[in-house]
Amino acid sequence: MSTQTTLDTQLVVIGAGPGGYTAAFRAADLGLNTMLVERYPSLGGVCLNVGCIPSKALLHATGIADEVSALGELGIWEPSARPQINLDGLRTWKDGVVKRLGGGIQQLAKQRKVTVLTGAARFVSRNELEIVGETTQRLRFKHAVVAAGSSAATIPNLPDDPRIIDSTGALALTDVPKRMLVIGGGIIGLEMATVYHALGSAITVVEMLDSLVPGCDADLVRPLQQRLRKTYEGIYLSTRVREVRPTPEGLEVFFEGDKAPASAVYDKVLVAVGRRPNGHKLNLAAAGVAVNEAGYVPVDRFQRTNIDHIYAVGDITSQPMLAHKAAAEGRVAAEVIAGQRSALDALVIPSVAYTTPEIAWVGLSETAAKSKDMDIRVGKFPFVASGRALTMGNTDGFTKIVIDNATQRIVGAGIVGSHAGELIAELALAIELGADAEDVALTIHPHPSLSESVALAAAVLEGTITDLYLPRRK
């Protein structure tokens, strides 16, 4: 491995995920000489290559299969009929989606004249990186944006066995296990469980906390949990995996907890217990950049670290670890470096679990508001009263809006049901614009549509609802 001549740039961005490529492209648009360093051959980071995009591709495809199966309930299909899924074809289609988007990012970099370097970056000083790839290069920079993301977390004492996989292994879709254990009842674990259940696996989910989708209001999770209890082999909360023993027949798993099940044998075990920031993997100490014990790099509202010319964005800075948060931070960092007046001023960041049904939430949750002793009111509109939901055959769920009685403004919202991830954006905008329930209730929504549920939940708060009968408040 040879060492090339040292390179120079105004700005280097480390990591080509949504936060990194957004920072690099915005900086280039603002006239900065920009280099983008990515350790893997494909741009797009975890989200594009082994995260958001391939998982949603699989969720979409397997969701169609579920919808076809459900046609029996409408009397237009044999109830026992189910599409036969071609696993190779599904994998090829999923990989094609990823390749197309990755190629698009490569083209955008080329159009903006952003130089892409492939290799693993580490700091050697406050203004210099070492990049180890096919060759080892030195790169001097005036400014840097660290967008190195996160890695899948694991649990201790697991055996080294190819049948134990993380989300990346699950997305590879090498086979469909007859029985699968998912360790972790958060968004990643439940989305993968949704895919593999649709493909034919018998699913068991174990979660160490007392609720699925930790951090989400219990009433939003309840419709999903009720559905999964009917369709999965088991849902075990407040339960830990104590030991996994490989055997020729499968992986024998032992549990612990007050309601822990007996040991059982699974063909595969998916470990989906969250992600850990990569702050300790870049030798940031050589640049004097502070990294906390957990691996996060603290930043201010301008995305600056404690070293003025070094910035950080995305998973490596803080929760929530979401692509849209990273992209917003990347844009801010680039604009600040280019001398513009910019700062991260997002009141809310929406979250979505693309399960069946979907769950989406934004702003202050009802649970969090009550824990702060806030004076709030909550308005709910159930999908069972929605004409559009009835025509779709998907009436599980509701839309709810949380308002602060002191200001009458909307401070939070949650939706569980079909297309919740699309619907939540309206409520995110309402919060950002300082809207109150009346603003939303008086906005005419199309009929019949799921979006009506947003206006009707606001009408519940206003006491003007006509699609439900609610006793008049005294």
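Two strands count as paired if DSSP finds at least two bridges between them. Keep that in mind for the first stops; the model on screen is predicted.

**Stop 1: strand β22.** Select residues 410–417, which make up strand β22. Eight of the eight residues are buried, so β22 is largely enclosed by the rest of the structure. Colour side chains here if you like; in a regular strand they alternate between the two faces of the sheet.

**Stop 2: strand β19.** Add residues 358–363, strand β19. Six bridges join β19 to β22, and the two strands run antiparallel. To see the register, pick Glu 358 and look across to Gly 417 in β22, which stands opposite.

**Stop 3: strand β21 and the turn.** Now select residues 398–404, strand β21. Its pairing with β22 is also antiparallel, over six bridges. Here Ile 403 stands opposite Ile 410 of β22. β21 and β22 form a hairpin, with five residues between the strands. Within the turn, click on Gln 408, whose phi is positive at about 70°.

**Stop 4: helices α1 and α8.** Leave the strands and select residues 18–29 (α1) together with residues 323–337 (α8). Their axes come within 7 Å and cross at roughly 30°. Angles under 35 degrees count as roughly parallel, so α1 is roughly parallel to α8. The crossing is right-handed.

For the contact itself, show Pro 18, Gly 19, Thr 22, Ala 23, Arg 26 and Ala 27 in α1. On the α8 side they meet Ala 323, Ala 326, Ala 327, Gly 330, Arg 331, Ala 334 and Glu 335. By class, this contact holds seven nonpolar, three polar and three charged residues.

Methods
Residues numbered from 1 in each chain as written. Predicted model: local features only at pLDDT ≥ 70, side-chain atom pairs only at ≥ 80, totals over all residues. Heavy atoms only, no water. Axes fitted to C-alpha atoms, helices over the stretch in contact; angles between N-to-C directions. Helix = DSSP H or I, 4+ residues; strand = E, 2+ residues; numbered from the N terminus. Parallel < 35°, antiparallel > 145°, perpendicular 65-115°, else oblique. Left-handed = near helix turned anticlockwise from the far one by under 90°. Contact = heavy atoms within 4.5 Å. Nonpolar A, V, L, I, M, F, W, Y, C, P; charged D, E, K, R; others polar. Buried < 20%, exposed > 50% of the residue type's maximum accessible area, 1.4 Å probe, protein only.
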